[in-house]
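Morning, everyone. Please have the sequence and the model up on your screens. I'll go from the surface inward.

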Amino acid sequence: MSLRFTSEKSTLLLLVLGATLICGLPLLLLFKTGLTDEGRLAFGPLLEALESRSVQRALWHSVESSFWSALAATCLGTLLALLVGLTDIRAKGLLVFLILLPMMIPPHVTAIAWIQALGPASPVLRWIGIAPELGSTHPLYSREGLVLLLTLQHSPLVFLLVRAALRSFPRELSDAARVSGAGAFLMLRRVTLPLLGPSLLAGFALAFVAALGNFGINALIGIPARYTTLPVLVWRRLASFGPDVLPNVAVISVILACVALVAILLQSLLQRRMRSSLIGLPQDPLAISLGRKRPYIEALLWSFVGGVLLLPAASLLATSLVKTYGLPLSLETLTLDNFTEVLWRQSVTLRAFANSTLIAGLAAAVIALISLLLGYFLAHKSRGLRRWAGLALTQSEIAFAVPGLVMSIAFILAFIRPLPILNFSLYGTLWIIGIAYVSVFLAVGLKPVAAAFLQMDGALEDAARVSGAGFFRRMRRIFAPLTAPSAASGAILVFLTAYNEVTVSALLWSTGNETIGTTIFNYEDGGYTTLAAAMSAVVVVATIFIMVAMNALSKRVPAGTIPWKD
């Protein structure tokens, strides 16, 4: 056996073992804790949990809110994708960027912004004289309000999937329909929507699972509305009683994980039945002429996008600029003290910015390195190596699909005890959050790199092998430079997601190891609304800056790597 082949196999073995350790093993421990009694498989704890009225109510609330928000997100995202992807509206690039922007804003920041935008103390609504009466119930503190915010948060996911599917359609299909005399609506009903079936189903499932595991919106809207979902129930019990209730919350987490995995399984089975074989190469998308209706449709579209973005953003900024929440924004009440407080005076916020930058940056770098190596094996000519690489990929996709709060419980169970030999526990440290980020977001960074490897000509590696280049030399001199732009793009997406998240770190943080997401949530939960608004405004600006940087990178990466660029 040659050294080159040994290097490849050794590297792949380490990748698979690493994926198992940080993705598969924690989930196995979670299910072991939730489904065993004294070391034997037992469904007693699970049945006992399901008999609890609080668990039943939280389970129903989770499924109900996730279903309706996913349905609404699918309708809204599909409508936006059809307008942008099939018509001749103008400024499509900017529209796509703005439509996807809410997906990049952390859910808890979205919740805080809309709470401040529509509440009785809203600075913007009070300024224009249409705010609800002081002391009245906030209109968002209800099941409908929760569903509305989940819809706005997750409709960009559906938009992204449907738009990508539209771009993969061969033009011959639509051209044949139009030559046969079919109008735009008939073609949409008889050709486009039936072929979009698998993508619509995938979008619904993705929005459902995302809503099921969403913590920020469920907590900030659901708790005041007394509409408790499973993620909030887990957080409340663990925050109130500590690690002593781990077996109890592990059972609830198993229920939540099972619901998510069942949804994904059903989606996969239905997609196989609905899949249609398309003949022909994808070409430029249609640009159906809207004629005289175009200005009106563009006005409605821009009004919707502007309302979704500007109203909460203006309210968030206005709240961050007043001395006390509830005061109208004026020259007398205008102040920058909240920004000064969170950026310079509060040690917890400075520490949170430093912690999030460090662990999100390290996680992004580690994921970029793993993706370069694993992407190579996923596109390898050897079926055996591809299968082993597929095992690591499957574990990373499951870790990404399972709700983040479930992964948090799994990591607590896996790392609360001291590590063997080292005799050191990761629980209560910043590193457990960083490892959790690598586990949960590995699939995000891997997808663009794997796509880049699949686009490469196999002759590159054949030529390198004939020239005597070993595995690491081939990676260093050929594949790493060619896939570096995709790896960088994936790393930026990982950094952006991890930098702002709260779901994974909600149960893993401790004093001294706060993240940006947990600090904002704690400010809002503790009644420091103006500080939460100021810190959220900084995060929104940072998010937009990173997205603009990714936009500038789009010319150096393969087409489709940046979601909003063609």
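Let's start with the surface. The accessible surface of the protein chain is about 26100 Å², and carbon and sulfur atoms hold 65% of that. Keep in mind that this is a predicted model.

Now the overall build. The protein chain has 23 helices and 2 strands. Of its 566 residues, 52% are buried. Look at contacts with a separation of 6 or more: 78% of them join residues 24 or more positions apart.

Back to the outside for a moment. Val262, Leu265, Leu266 and Leu269 make a nonpolar surface patch of about 370 Å². Take Val262 from that group. Val262 sits in helix H13, residues 246–274. Its relative accessible area is 47%, so Val262 counts as partly exposed, under the 50% that exposed requires.

Next, the aromatics. There are 14 aromatic pairs. One of them is Phe67 with Phe204. The geometry is edge-to-face, with 5.8 Å centre to centre and 75° between the planes. Where do the two partners sit along the chain? Phe67 is in helix H3, residues 53–86, and Phe204 is in helix H10, residues 197–213. They are 137 residues apart, so this pair links distant parts of the chain. Phe67 is partly exposed, at 34% relative accessibility. Phe67 and Phe204 also belong to one aromatic cluster, together with Trp68 and Phe208.

Stay on helix H3, and go to Glu64. Is Glu64 buried or exposed? It is buried: Glu64 has a relative accessible area of 11%, and the cut-off is under 20%. Which residues does Glu64 touch, leaving out those up to four places away in sequence? Arg143 and Tyr227. Both are polar contacts, side chain to side chain. The Glu64 side chain meets the Arg143 side chain at 2.8 Å. With the Tyr227 side chain, the distance is 2.5 Å.

One last residue, Leu195. Leu195 lies in helix H9, which covers residues 184–195. At 21% relative accessible area, Leu195 is partly exposed, because buried means under 20%. Its C-alpha atom is 9.0 Å from that of Ala165, and the two residues are 30 apart along the chain.

To recap, keep two places on helix H3 in view. Phe67 pairs edge-to-face with Phe204. Glu64 is buried, and its side chain makes polar contacts with Arg143 and Tyr227. Thanks, happy to take questions.

How values were computed
Residues are numbered from 1 along each chain as its sequence is written. This is a predicted model: local features need pLDDT of at least 70, side-chain atom pairs count only at pLDDT 80 or more; totals for chains, interfaces and linings use all residues. Side-chain values use heavy atoms; hydrogens and water are left out. Helices (H or I, at least four residues) and strands (E, at least two) are DSSP runs, numbered from the N terminus. Buried means under 20% relative accessible area, exposed over 50%, partly exposed in between (1.4 Å probe, protein chains only). Contact means heavy atoms within 4.5 Å. Accessible areas come from the Shrake-Rupley method with a 1.4 Å probe; for residues, only the protein chains shown count as cover. Patches are made of residues with over 30% relative accessible area and no salt bridge: like charges are joined within 9 Å, nonpolar side chains (Val, Leu, Ile, Met, Phe, Trp, Tyr) within 5 Å. A salt bridge is a side-chain nitrogen of Lys or Arg within 4 Å of a carboxyl oxygen of Asp or Glu. Rings of Phe, Tyr and Trp (its six-membered ring) pair if their centres lie within 6.5 Å; planes under 30 degrees apart count as stacked, over 60 as edge-to-face and the rest as tilted. A polar contact is a pair of N or O atoms within 3.5 Å; within protein, one must be able to donate a hydrogen and the other to accept it, and residues adjacent in sequence count only if both atoms are side-chain atoms.
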